[in-house]
Amino acid sequence: MTDAKVRSRRMTFHAGRLTAAASLAVLMAACNVTGTVGASPAEPGDPVETRPANAPGQQPAFENQTRAPGVVTQGQLSHTVVADGLVRPWGMALMPDGNWLVTERPGRLRIITADGQVGEPIDGLPAVDARGQGGLLDVVTGPDFANDRLIYWSYAEPRNGGNGTTVARGALSADGTRVENVQVIFRALPSYDGDKHFGSSLAFAPDGKLFITVGERSDAAVRNQAQDLGSHYGKTIRINADGTVPQDNPFVGRDGARPEIWSWGHRNPQGIAIAEDGAVWSVEHGPRGGDEINLTRPGLNYGWPEVTYGVEYRGAAVGEGITAREGTEQPVYYWDPVIAPGGMTLYDGAMFPGWQGNLLVAALGQKHIARLVIEDGRVVGEERLLTGLGDRIRDVAVGPDGAVWAITDESNGKLVRLYRP
């Protein structure tokens with residue numbers, strides 16, 4: 001890769017605002033600048049969201065469930081576009097050597113080095129259905145990758161009569177050029193001939209169990225299956241690393257229920273993050289309004305499509321237009337209007353000690369990273385980062401030194417590093 005593609009764009013910012021020196025640099029040269037790193041609230045404590053709600057008559061169930069007070073990271077932040085030229089990257093996973101596995105939705109998996117060298121596509125992956133929102137989706141390294149080199153990935157699998165969210169695993173060769181001994185360990189059922197709402201984010205829990213998010217496939221004809229325990233649609237899935245079902249899953253042994261199900265009533269969850277204490281956080285796309293952060297617990301119903309914040313895209317109520325019902329869980333946080341969330345991670349690193357335990361959420365529609373400050377399981381502050389990049393942020397992760405890395409969902413997708421200079 002040429003030096004031009006490793007863009008050390010070193011403009012610095014304080015409290016989310018361009019410094020005078022950086023502003024002068026913009027005026028003096030049309031060089032490879034990055035724009036603003038963060039967006040400040042209008043006044044201290046004001047929410048960062050100022051757009052009118054899509055469902056203004058709906059009210060949150062508790063304080064700070066939406067439009068939490070805005071917060072600002074103090075000190076200087078910079079970001080660097082480390083690599084570009086990627087085609088619709090979707091998921092990313094850090095390897096022990098500090099390099100990144102990055103998926104491209106058309107079906108390619110690549111290794112990108114920390115200094116921006118983009119490898120050739122890795123051989124051995126199965127075919128994907130890359131129509132619409134489908135394709136090669138998330139990737140994670142296995143719990144014992146250093147020894148067995150197992151990686152896991154999710155994808156829209158072409159099937160007879162349609163497609164579906166599928167998870168496979170295989171051993172990455174020592175030279176990183178191919179995946180060997182590929183094995184499918186999960187298939188979301190039933191199959192369906194559609195091109196939307198596959199999910200699908202992957203995360204390993206500290207105990208080695210694999211969590212998978214599955215969308216409800218969007219179309220009115222099938223989305224009610226999010227409320228059907230006999231379908232994998234609109235569910236969080238929990239399996240063992242080899243694809244077998246943990247016997248302590250909440251629906252094991254229940255007639256008519258899929259034993260892989262952990263939680264249900266989700267729309268299109270594309271981000272999942274698991275804390276060291278085992279708490280399972282997920283983020284999902286809402287309708288027009290109603291993107292949700294959920295603390296996902298075993299056996300619980302999160303309501304979709306019978307209970308939701310937001311409205312249909314055409315403006316009508318979703319179902320009965322209710323935001324709460326006995327037997328369903330409230331989201332920890334929601335956005336109205338939506339930010340169109342992608343991947344998510346819990347911050348754990350040395351570079352930004354004030355962010356420890358915060359949720360970092362990639363925002364596709366609003367083109368930023370949302371930093372959510374969490375206290376006692378609730379959101380108490382929100383900040384928007386990388387607002388000046390101008391690209392759809394698809395996934396976010398934390399590097400070995402605590403810097404934040406992100407990929408952008410564009411035809412010229414980028415790998416970006418956010419750090420303290």
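## Exercises: rings, a sheet and two pockets

A search of the whole structure, which is a predicted model, turns up nine aromatic pairs.

**Exercise 1.** Work out what kind of pair tyrosine 152 and phenylalanine 204 make, and which strands hold them.

*Solution.* Start with the geometry: the ring centres are 5.0 Å apart and the planes stand at 80 degrees. Planes over 60 degrees apart count as edge-to-face, so that is the label for this pair. Next, find the residues in the fold. Tyrosine 152 belongs to strand S9 (residues 150-159) and phenylalanine 204 to strand S12 (residues 202-204), so the pair ties together parts 52 residues apart in sequence. Last, check burial, where the cut-off is under 20% relative accessible area. Tyrosine 152, at 2%, counts as buried, and phenylalanine 204 counts as buried at 17%.

**Exercise 2.** Do the same for tyrosine 347 and tryptophan 355, then say which cluster they belong to.

*Solution.* Here the centres are 5.7 Å apart with the planes at 75 degrees, so this pair is edge-to-face. Tyrosine 347 is buried, at 1% relative accessible area, and tryptophan 355 is buried at 2%. Now bring in Phe352: ring pairs link Tyr347, Phe352 and Trp355 into a cluster.

**Exercise 3.** Find the rings that have arginine 267 and arginine 378 over their faces.

*Solution.* Take arginine 267 to begin with: it lies over the face of tryptophan 304, 5.2 Å from the ring centre. Then arginine 378, which sits over the face of phenylalanine 62 at 3.7 Å from the ring centre.

**Exercise 4.** Lay out the five-stranded open sheet and pick its edge strands.

*Solution.* Write down the order, S3-S23-S22-S21-S20, with antiparallel pairing. The edges are strand S3 (38-39) and strand S20 (341-346), each pairing on one side only. Zoom in on S3: two bridges join it to strand S23 (residues 378-385), and the two run antiparallel. For a landmark, glycine 38 stands opposite leucine 385 in S23.

**Exercise 5.** Describe the linings of the largest and second largest pockets.

*Solution.* The largest pocket has a volume of about 1100 Å³. Its lining takes in 38 residues, with Ala203, Phe204, Ile274, Thr345 and Leu346 nearest the centre. S16 gives the most, five residues. By type, the lining splits into 23 nonpolar, 10 polar and five charged.

Now the second largest pocket, at about 340 Å³. Of its 22 lining residues, Gln133, Gln270, His285, Leu364 and Arg392 are closest to the centre. This lining divides into six nonpolar, nine polar and seven charged.

Terms used. Residues are numbered from 1 along each chain as its sequence is written. This is a predicted model: local features need pLDDT of at least 70, side-chain atom pairs count only at pLDDT 80 or more; totals for chains, interfaces and linings use all residues. Side-chain values use heavy atoms; hydrogens and water are left out. Rings of Phe, Tyr and Trp (its six-membered ring) pair if their centres lie within 6.5 Å; planes under 30 degrees apart count as stacked, over 60 as edge-to-face and the rest as tilted. Helices (H or I, at least four residues) and strands (E, at least two) are DSSP runs, numbered from the N terminus. Buried means under 20% relative accessible area, exposed over 50%, partly exposed in between (1.4 Å probe, protein chains only). A charge sits over a ring if NZ of Lys or CZ of Arg is within 6 Å of the ring centre and within 35 degrees of the ring normal. Two strands pair if DSSP finds at least two bridges between them. On a 1 Å grid over the protein atoms alone, a cavity is a set of points where a 1.4 Å probe fits but cannot get out, and a pocket is an open set with protein on both sides within 12 Å along at least five of seven lines; lining residues have an atom within 4 Å of a point. Grid points are joined across faces, edges and corners, and a volume is the space filled by probe spheres set on the points. Ala, Val, Leu, Ile, Met, Phe, Trp, Tyr, Cys and Pro count as nonpolar, Asp, Glu, Lys and Arg as charged, and the others, Gly among them, as polar.
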